[in-house]
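Let's take a walk through some helix packing and one pocket. Have the structure open and follow along.

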Amino acid sequence: VGTWTIAAIIGAYLFLVFLRKPVLGLYVTTILLLVSGIAVPLGGTLIALPGAAAKLCGMAAMAAWLFNTFTTGKRLRGGWDTWAVLAFAAWALVGIGYSLIWRVQLPEWMRLLNMIAYFIFAIHVLDTTEKLHKFVIVIASCAGAMAVYALMQYVLPSLQFSGVAGIEGIGSGADLAFVDPEGTASGGAIRVTGGTGHSNWLAFTLLLVMPLNVFWFSTRQTRNGKTLVILVTAVELAALVLTFTRMGIVVGLLVVLVLLAKRLIRLSPHRLCALAVALLLTWFALPAAYRERVIDFTKYSQSESTAARVELQRFAWSYMQDFPIAGIGIAGFGPRFYDENTDTAAMLRWMVKYLGWNPVYYGPHNFYLQVGAEAGSVGLLIMLFFIARVLLNTQRAERIFRERGNARLALLAACMTVSVLAFVFCGLFLHALQQKIWWIIFAAAAALSYCAARTSETAHDSDDDAPQYD
């Protein structure tokens with residue numbers, strides 16, 4: 001029996017399982033998307049879920065949802081956010097069509113299309129607040145598992161690599177912690193990845209998910225349940241520190257300020273004292289490499305990685321000016337920068353030639369410059385419209401739930417708003433267009449907005465049907 005035959009049998013079985021409850025397929029697909037990079041050491045080897053499992057499960061779940069939708073006469077939801085992502089995908093294809101290396105870029109456009117399909121699938125099957133509640137817990141639990149794996153990477157040498165082998169491993173997709181000597185004098189920083197492929201992506205994931213822990217905490221009714229959420233959050237914070245990313249501390253502080261401004265975290269005198277003690281203990285527990293690389297702000301301007309990022313962003317801005325309408329095509333930045341006459345480009349050529357790196361995955365470390373360079377000003381405007389639409393709708397959902405007296409869902413909408421803002425902040429530091437977690441978060445935020453709109457319409461209908469009195 002061949003591999004394709006086995007995959008077809010498994011896919012057919014999953015289709016039948018998900019046919020009655022497509023949302024179950026969404027839950028399982030999301031779990032596989034987030035934790036498939038986790039490799040558990042067992043018997044001297046690393047055991048991990050195959051990356052194709054999420055694709056197979058996702059295809060079966062979407063097929064089951066479409067079959068269920070068309071056979072039951074349900075309507076497809078076509079809001080502005082859906083039309084925006086579809087328009088972005090269509091416009092991105094225009095840029096690729098004008099590219100001389102379109103064959104190299106087209107697979108990345110297909111990856112983008114997969115994420116958009118996931119987004120549309122999610123906002124349709126998350127059609128009740130109960131399903132959405134479970135979905136948020138799934139996301140938060142997966143982030144906790146990734147953080148636990150990150151701590152394992154930090155303490156187990158078998159889950160680490162260093163030097164040239166480490167750089168080669170990153171390029172090949174080997175998901176291990178990387179011992180990075182840059183910017184430290186006390187020894188290399190063991191930068192954990194948590195199954196995401198790179199420490200930057202783990203920090204990105206945790207920053208987007210941790211605001212949802214506030215909602216998760218509020219839904220726990222027992223002391224043990226609340227203690228579990230606190231422990232998971234503490235592990236996630238430790239994992240965030242061990243990524244040794246400067247983005248982690250900058251965006252993390254901004255997220256905390258937003259949480260305080262929205263009064264999602266309330267500080268009493270007792271909590272302030274406990275926080276002060278915790279921060280004091282944390283300061284002494286911090287790795288020396290973290291203080292040198294992240295806390296010492298004077299190192300930022302001296303860092304080779306900072307200089308490289310500035311150069312990458314300068315070229316991304318140049319490409320935006322040279323190709324202002326359609327851009328250079330999705331995944332076109334790396335291959336174009338590959339031929340530039342700079343030290344950073346020379347380093348990229350060396351990594352491609354000797355370490356097997358794929359220049360397609362090289363980016364300007366800025367989401368907005370990435371989209372502007374690769375999809376042009378039109379693509380950038382569409383993407384900014386999409387982000388603004390989701391953000392404003394989530395705030396509107398919070399207002400609707402508060403007006404209806406539903407404090408629990410209003411809290412969820414407020415936490416979603418903070419997660420979306422965390423993405424907006426992180427976008428200044430990372431080229432994250434193809435990263436799964438932000439599509440997952442935005443799908444949850446958009447689904448919540450639809451639930452709020454339906455709640456508002458139902459309330460208006462019941463008001464109209466109520467008897468009128470003089």
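In this predicted model, helix 14 (residues 304–322) packs on helix 17 (residues 367–403) with the two axes 8 Å apart and an angle of about 25 degrees between them. That angle makes helix 14 roughly parallel to helix 17. As for handedness, the crossing of helix 14 and helix 17 is right-handed. On the helix 14 side, the residues in contact are Q313, A316, W317, Y319 and M320, and they meet L369, G372, A373 and L380 of helix 17. Sorted by class, that contact has 7 nonpolar and 2 polar residues, with no charged ones.

Next up is helix 4 (residues 80–97), whose axis comes within 10 Å of the axis of helix 5 (residues 102–125), the two crossing at roughly 175 degrees. That puts helix 4 roughly antiparallel to helix 5. Helix 4 brings D81, T82, V85, L86, F88, A89, A92, L93 and I96 to the contact, while helix 5 answers with W102, Q105, L106, W109, L112, L113, I116, F119, I120 and I123. Split by class, the contact of helix 4 with helix 5 has 16 nonpolar, 2 polar and 1 charged residues.

The third pair is helix 9 and helix 10, which pack at about 165 degrees with their axes 8 Å apart. Helix 9 and helix 10 are therefore roughly antiparallel, and helix 9 passes helix 10 in a right-handed crossing. From helix 9, N213, W216, F217 and S218 touch K226, V229, I230, V232, T233 and E236 of helix 10. The class split for this contact is 5 nonpolar, 3 polar and 2 charged.

Here are the three contacts by class:

| Helix pair | Nonpolar | Polar | Charged |
|---|---|---|---|
| Helix 14 with helix 17 | 7 residues | 2 residues | no residues |
| Helix 4 with helix 5 | 16 residues | 2 residues | 1 residue |
| Helix 9 with helix 10 | 5 residues | 3 residues | 2 residues |

Now for the pocket. How much space lies in the second largest pocket? About 2,200 Å³. Its lining takes in 48 residues, and T233, L237, V256, I265 and L275 lie nearest the centre. Helix 9 (212–219) and helix 10 (223–242) turn up again here, each giving two or more residues to the lining, as do helix 8 (199–209), helix 11 (246–261), helix 12 (269–285) and helix 13 (288–295). By class, the lining of the second largest pocket divides into 36 nonpolar, 7 polar and 5 charged residues. One residue links the two topics: T233 is part of the contact between helix 9 and helix 10, and T233 is also among the residues nearest the centre of the second largest pocket.

Methods: Residues numbered from 1 in each chain as written. Predicted model: local features only at pLDDT ≥ 70, side-chain atom pairs only at ≥ 80, totals over all residues. Heavy atoms only, no water. Axes fitted to C-alpha atoms, helices over the stretch in contact; angles between N-to-C directions. Helix = DSSP H or I, 4+ residues; strand = E, 2+ residues; numbered from the N terminus. Parallel < 35°, antiparallel > 145°, perpendicular 65-115°, else oblique. Contact = heavy atoms within 4.5 Å. Nonpolar A, V, L, I, M, F, W, Y, C, P; charged D, E, K, R; others polar. Left-handed = near helix turned anticlockwise from the far one by under 90°. 1 Å grid on protein atoms, 1.4 Å probe; cavity = no way out; pocket = protein on both sides within 12 Å on 5 of 7 lines; lining within 4 Å. Points joined across faces, edges and corners; volume = space filled by probe spheres on them.
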